[in-house]
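Me: I have a structure to go through with you. Please keep the replies short.

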Amino acid sequence: MGESALADQLERIRSGFIDTPVIPLDHERLDLFAKTEYCNLNGSVKDRSAYVMLQRAVQRGELTADSTVVESSSGNLAISLAALCRLLGIPFVPVIDQNVNAPTEMLLRATCDRVEKVTERDGTGGYLRTRLDRVTTLTETLENTFWPNQYSNPDAADAHYLLTGAEICRTFDRLDYIFVGVGTAATIAGVSRRIHEYLPQTKVIAVDSAGSAIFGQQARTRHIPGIGSSIRPPLLDQAEIDDVVIVEEHESVVACRRLLTRFGLFCGGSTGSVYAAIERYFASYRGPRLSVLFLCADRGIAYTNTVYQQGWLERVRNPTSSRGESGTEQ
Ligand SMILES: Cc1ncc(COP(=O)(O)O)c(C=O)c1O
């Protein structure tokens, strides 16, 4: 595929994107809405970042038909890049680690000809740095590589300004609060900028995991992927955040099950964190009904053996029964 054919193919892919449904939930005190990002083609909010990072790279001539895309991700971004690169006819090498969940690894191995899995922990006890080292080695040894670098690529944040944020602004004339989970901070950076342009009164609440370094806590072992980080992501500088809520993992697990049994929403662990944050934030609020939106970053199916399994968190937290579950990063 030549360069203009790549651009044409990206246009065709774009025409298959949908505005993800916004579902009103029957809540006793809030006008609560869930934006179902798991309805994106590849199952998560990361379709948006992946698409715009590739599109802009093609426009700039950094990604060409003979490139190989390399990225560190143990989750949703890798799934999105794998699918998009297949459609573009470009090889993609995901760099994953021991914490990848089984369905994701199987999907990546089915889609990509080469998958790099790191097994050594870095100095923080996680794998992020080891994965980034492997990316560097790949970019030095393979010909014509393109590394989107989701942690600091402003195109990832622009994706949520142009797509996710624009959709929210088309859906709501008024919104009191939006709650967004933070990993690389791409989503909150783009969404908050767009919302504050159109609905300046809307409060943007960032949700992070206990033990994540994003908002200055000491980094420690975490188990729920997508949300939290052992570094402060550079894209956070672009985000317009009104308040931050830190959620313990056991709260996220309980909240995931509650979303399912109460509202029929089967979401991933980070969405549980966001819902737990909402319930805590408004626990003693008794004023007029407020409109509150949250994003469901992905679906629960990949978490059936973890978050949705009775006793999972206790098992992974008990070091005598489990090694190899720490430092979960995007
Ligand atoms: C499941 C899940 N939740 C939350 C996020 C946070 O998004 P961001 O990396 O844009 O901060 C991600 C990102 O991949 C995710 O996969």
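Me: This is a predicted model. Which residue has a polar backbone atom 2.8 Å from an oxygen atom of the ligand?
Reply: The partner on the ligand is an oxygen atom. A polar contact needs N or O atoms within 3.5 Å. At 2.8 Å, the backbone atom qualifies, and it belongs to Ala-185.

Me: How much of the ligand's exposed area does the protein bury?
Reply: Taken alone, the ligand exposes 380 Å². The protein buries 99% of that.

Me: Which residue has a polar side-chain atom 2.7 Å from an oxygen atom of the ligand?
Reply: Two side chains are worth checking. Asn-76 places a polar side-chain atom 2.8 Å from a ligand oxygen. The side chain at 2.7 Å is that of Thr-184.

Me: Where does the ligand sit, and how many charged residues are in the shell around it?
Reply: The ligand occupies the largest pocket. Among the residues that come nearest are Lys-46, Gly-183 and Ser-270. By class, the shell has five nonpolar and eight polar residues, and the charged ones number two.

Me: Which residue meets Glu-28 in a salt bridge, and how many residues apart are they?
Reply: The side chain of Glu-28 pairs with Arg-262 at 2.3 Å, N to O. Glu-28 lies in the loop between β1 and β2, whereas Arg-262 is in helix α8. The pair links distant parts of the chain: Glu-28 and Arg-262, 234 residues apart.

Technical notes. Residues numbered from 1 in each chain as written. Predicted model: local features only at pLDDT ≥ 70, side-chain atom pairs only at ≥ 80, totals over all residues. Heavy atoms only, no water. Near = heavy atom within 4 Å. Polar contact = N/O pair within 3.5 Å; in protein donor to acceptor, adjacent residues only side chain to side chain. Areas by Shrake-Rupley, 256 points an atom, 1.4 Å probe, with all protein chains shown as cover. 1 Å grid on protein atoms, 1.4 Å probe; cavity = no way out; pocket = protein on both sides within 12 Å on 5 of 7 lines; lining within 4 Å. Sits in = over half its atoms within 2 Å of the grid points. Nonpolar A, V, L, I, M, F, W, Y, C, P; charged D, E, K, R; others polar. Salt bridge = Lys/Arg side-chain N within 4 Å of Asp/Glu carboxyl O. Helix = DSSP H or I, 4+ residues; strand = E, 2+ residues; numbered from the N terminus.
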